[in-house]
Amino acid sequence: MRLRTDDDIYRARLLYLGPPGYTLPVHLPYAQYGVFAALLALFMFVRWLFTREVELFPSIEISLALVATSLIFRYVDADRPAATVVRTLLTDWKHTRDAGAETRIPAYSTRSIRLRPTLVETVRQEERL
């Protein structure tokens, strides 16, 4: 008897499970693999610009690309596509208010409050007990 796999669920979410017959330990959307590869190439290129050498196993670049990919996909998901996140970022960046345009509310402290002696009731010794 053959059992049907649950790959249909993952196809609906556009996940890459790995090569046929071998499932990867993590299930990531296709977009994360592409962003990771692009960021890895970018970080390797930046390091090459500074050092003029390429390592056989670029562990620093791999770790930076993993962290950057996870940070990016905290904001990008099926409900908020990458184009919307970038558009929001650019809109917020262009239209920020200057700090000089804000007016501060004066802070009040207890030093500036004076009470007249007639308004303050003295506590009697009998009431304290």
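Patches are made of residues with over 30% relative accessible area and no salt bridge, with nonpolar side chains (Val, Leu, Ile, Met, Phe, Trp, Tyr) joined within 5 Å. A salt bridge is a side-chain nitrogen of Lys or Arg within 4 Å of a carboxyl oxygen of Asp or Glu; accessible areas come from the Shrake-Rupley method with a 1.4 Å probe.

This is a predicted model, in which local features need pLDDT of at least 70 and side-chain atom pairs count only at pLDDT 80 or more, while totals for chains, interfaces and linings use all residues. Numbering runs from 1 along each chain as its sequence is written, and side-chain values use heavy atoms, without hydrogens and water.

**Exercise 1.** Find the residues that make the nonpolar surface patch, and place Val 46.

*Solution.*
- Step 1: Leu 42, Phe 45, Val 46, Trp 48, Leu 49, Phe 50 and Val 54 make a patch of about 700 Å².
- Step 2: Val 46 sits in helix α2, a helix being a DSSP run (H or I, at least four residues).
- Step 3: With a relative accessible area of 33%, Val 46 is partly exposed (between 20% and 50%).

**Exercise 2.** Describe the lining of the largest cavity, a set of points on a 1 Å grid where a 1.4 Å probe fits but cannot get out; lining residues have an atom within 4 Å of a point.

*Solution.*
- Step 1: The volume, the space filled by probe spheres set on the points, is about 50 Å³.
- Step 2: Met 44, Arg 47, Glu 53, Val 54, Glu 55, Pro 58 and Glu 61 line the cavity.
- Step 3: By class, three are nonpolar, none polar and four charged (Asp, Glu, Lys and Arg count as charged).

Methods
1 Å grid on protein atoms, 1.4 Å probe; cavity = no way out; pocket = protein on both sides within 12 Å on 5 of 7 lines; lining within 4 Å. Patch = residues over 30% accessible without salt bridge, like charges linked within 9 Å, V, L, I, M, F, W, Y side chains within 5 Å. Helix = DSSP H or I, 4+ residues; strand = E, 2+ residues; numbered from the N terminus. Buried < 20%, exposed > 50% of the residue type's maximum accessible area, 1.4 Å probe, protein only.
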